[in-house]
Amino acid sequence: MQELQYLTFQISEELFGLGILYIKEIIEYESVTHVPMMPEYIPGVINLRGNVVPVIDLNMRFYRRKTETNRKTCIIITEIKLENEIVDVGLLVDAVNEVVDIPPESIEEPPSFGSKIRLDFIQGLGKLENKFVIILKVNQILELSEIQAIHETSTNVT
């Protein structure tokens, strides 16, 4: 039986998880460069070793309120598949917790009621001792057309 590892992190007092295979790195929050005409949940882009990386504010995406940045605020750099290429995207979160093992039999289907976030963002609910981890579908969080627009803008800048 294979255990799956997830990076857990906080967004608005709730515990979320993302499979570690999607994660490239975690960086401290730094200011982002605003890009005009982007949706509210994409506050801007960062320069990561010469690459333009769009940042998605998950508080804004899920709860429609901006992340209050502090010393625990992080950006999780993840990879998504955009047509035939892999694109880096930053996820702005309140705090990163730890990597945990959640076996597949401890993951339940997302509930059809009571969730404050859209069900198409949720892969499942992982049970950890006395709490649940909301496991995200990374590609669903992102509107690919919007990421495509940022990606095209950033490749035309060079």
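Colleague: In this predicted model, how many bridges join strand β2 to strand β11, and do they run parallel or antiparallel?
Modeller: The model is a predicted one, and in it strand β2 covers residues 14-19 while strand β11 covers residues 131-136. One of the pairings places F16 with its bridge partner I134 in β11. The two strands are joined by two bridges, and their direction is parallel.

Colleague: Which residue in β11 does G124 stand opposite?
Modeller: Strand β10 is made of residues 122-128, and it pairs with β11 in the antiparallel sense over six bridges. These strands, β10 and β11, form a hairpin that has two residues between them, and E129 in the turn has a positive phi of about 40 degrees. Across this pairing, the residue in β11 that stands opposite G124 is I135.

Colleague: What is the order of the five strands in the open sheet?
Modeller: The pairing in this open sheet is mixed. Its edge strands, each of which pairs on one side only, are β3 and β4. From one strand to the next the twist averages 35 degrees. Read across the sheet, the order is β3-β6-β7-β5-β4.

Colleague: Which residue is the bridge partner of V45 in β5?
Modeller: Strand β4, which spans 44-48, is one of the edge strands of the sheet. It runs antiparallel to strand β5, residues 51-57, and five bridges join the two. Within β5, the bridge partner of V45 is P54.

Colleague: Is D88 buried or exposed?
Modeller: D88 has its place in strand β7, which runs over residues 85-93. Leaving aside neighbours within four places in sequence, D88 is in contact with K24, V53, P54, I77, T78 and E79. The cut-off for a buried residue is under 20% relative accessible area. Because the relative accessibility of D88 is 15%, this residue counts as buried.

Colleague: How far apart in sequence are the parts that the salt bridge between D88 and K24 ties together?
Modeller: The side chains of D88 and K24 meet in a salt bridge, with 2.9 Å from N to O. Since D88 lies in strand β7 and K24 in strand β3, the pair ties together parts of the chain whose separation in sequence is 64 residues.

Colleague: What is the distance between the closest N and O atoms in the salt bridge of K24 with E79?
Modeller: K24, E79 and D88 are linked in a network of salt bridges. With a relative accessibility of 44%, K24 counts as partly exposed, and E79, at 32%, also counts as partly exposed. A salt bridge needs the nitrogen to be within 4 Å of the carboxyl oxygen, and for K24 and E79 the closest N and O atoms are apart by 3.9 Å.

Colleague: Which residue forms a salt bridge with K127?
Modeller: K127 is partly exposed, with a relative accessible area of 39%. Its partner is partly exposed as well, with a relative accessible area of 37%. The closest N and O atoms of this salt bridge are 3.0 Å apart, and the residue that joins K127 in it is E108.

Colleague: Where do K127 and E108 lie, and how many residues apart are they?
Modeller: K127 forms a salt bridge with E108. This pair links distant parts of the chain, with K127 in strand β10 and E108 in strand β9, residues 107-108, and the separation is 19 residues.

Key. Residues are numbered from 1 along each chain as its sequence is written. This is a predicted model: local features need pLDDT of at least 70, side-chain atom pairs count only at pLDDT 80 or more; totals for chains, interfaces and linings use all residues. Side-chain values use heavy atoms; hydrogens and water are left out. Two strands pair if DSSP finds at least two bridges between them. Helices (H or I, at least four residues) and strands (E, at least two) are DSSP runs, numbered from the N terminus. Buried means under 20% relative accessible area, exposed over 50%, partly exposed in between (1.4 Å probe, protein chains only). Contact means heavy atoms within 4.5 Å. Axes are lines fitted to C-alpha atoms, for helices over the stretch in contact, and angles run from 0 to 180 degrees between N-to-C directions.
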